[in-house]
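Got the viewer open? Let's take a short walk through this one, going from the whole chain to a single pair of residues.

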Amino acid sequence: MARLQYFLLAEYARVDAGGLLTVVGAGFDRIAVDALPGQLRLGCAARVLLEEDEQEAQLSVAVRPPQGVGLSIESTLRPPSDAKPHEGMVGVLFAATFGMPVVAEGLYTFEAAVGEDRQQLSFTVERQSATGQADA
């Protein structure tokens, strides 16, 4: 059964044609913005482990803002044709960079799921004061 090995948020994430994951600006828990409502450029990345005989897995990423309507991304992950199993599993990478509406200050929670396997990450959006500096 497929499982989620890891999930992370970043300023930018992509998987190239050779299967290499590139992530920039990961590990934040607070973002300061100049004005609300607005939009953030945000990336997410995940690695899903499939058993050797599994052909695909469904990955979903849901975003819950402190108020308003949430968003979700769903993707069917399939191992590359030249994938080599390691200890009976095949790793499949996912990455997306997208514009995310920011409607209010508060906690934004992301949940990645593969079947019943789930991981959550969150960050706080704060309005930046006129003399403050952004952490984004």
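How many helices and how many strands does the secondary structure of the protein chain come to? Switch to cartoon view and count: there are zero helices and 10 strands. Keep in mind while you look that this is a predicted model. Reading from the N terminus, the elements go β-β-β-β-β-β-β-β-β-β.

Next, select the whole protein chain and show its C-alpha atoms. Along the principal axes, they fill a box of roughly 55 × 25 × 20 Å. Colour by burial, and 33% of the 136 residues count as buried. Turn on the surface: about 7,900 Å² is exposed, with carbon and sulfur atoms supplying 47% of that. Now pick out the charges, 10 positive and 18 negative; their mean positions lie 4 Å apart. As for contacts between residues at least 6 apart in sequence, 67% of them join residues at least 24 apart.

Now for the sheet. Select strands 4, 10, 9, 6 and 7, in that order: these five form an open sheet with mixed pairing. Strand 4 (30–33) and strand 7 (71–77) each have a single partner strand, so they stand at the edges with one side lacking a neighbour in the sheet. Look across the sheet and you'll see neighbouring strands turned by 20 degrees against each other on average, direction ignored.

Last stop: zoom in on strand 6 (residues 57–64) and strand 9 (residues 106–114). The two pair in the antiparallel sense, over five bridges. Which residue of strand 9 is the bridge partner of S60? Click across from S60 and you land on A113.

How values were computed
Residues are numbered from 1 along each chain as its sequence is written. This is a predicted model: local features need pLDDT of at least 70, side-chain atom pairs count only at pLDDT 80 or more; totals for chains, interfaces and linings use all residues. Side-chain values use heavy atoms; hydrogens and water are left out. Two strands pair if DSSP finds at least two bridges between them. Helices (H or I, at least four residues) and strands (E, at least two) are DSSP runs, numbered from the N terminus. Axes are lines fitted to C-alpha atoms, for helices over the stretch in contact, and angles run from 0 to 180 degrees between N-to-C directions. Buried means under 20% relative accessible area, exposed over 50%, partly exposed in between (1.4 Å probe, protein chains only). Contact means heavy atoms within 4.5 Å. Accessible areas come from the Shrake-Rupley method with a 1.4 Å probe; for residues, only the protein chains shown count as cover. Lys and Arg count as positive and Asp and Glu as negative; His and the chain ends are not counted. The place of a charge is taken as NZ of Lys, CZ of Arg, CG of Asp or CD of Glu.
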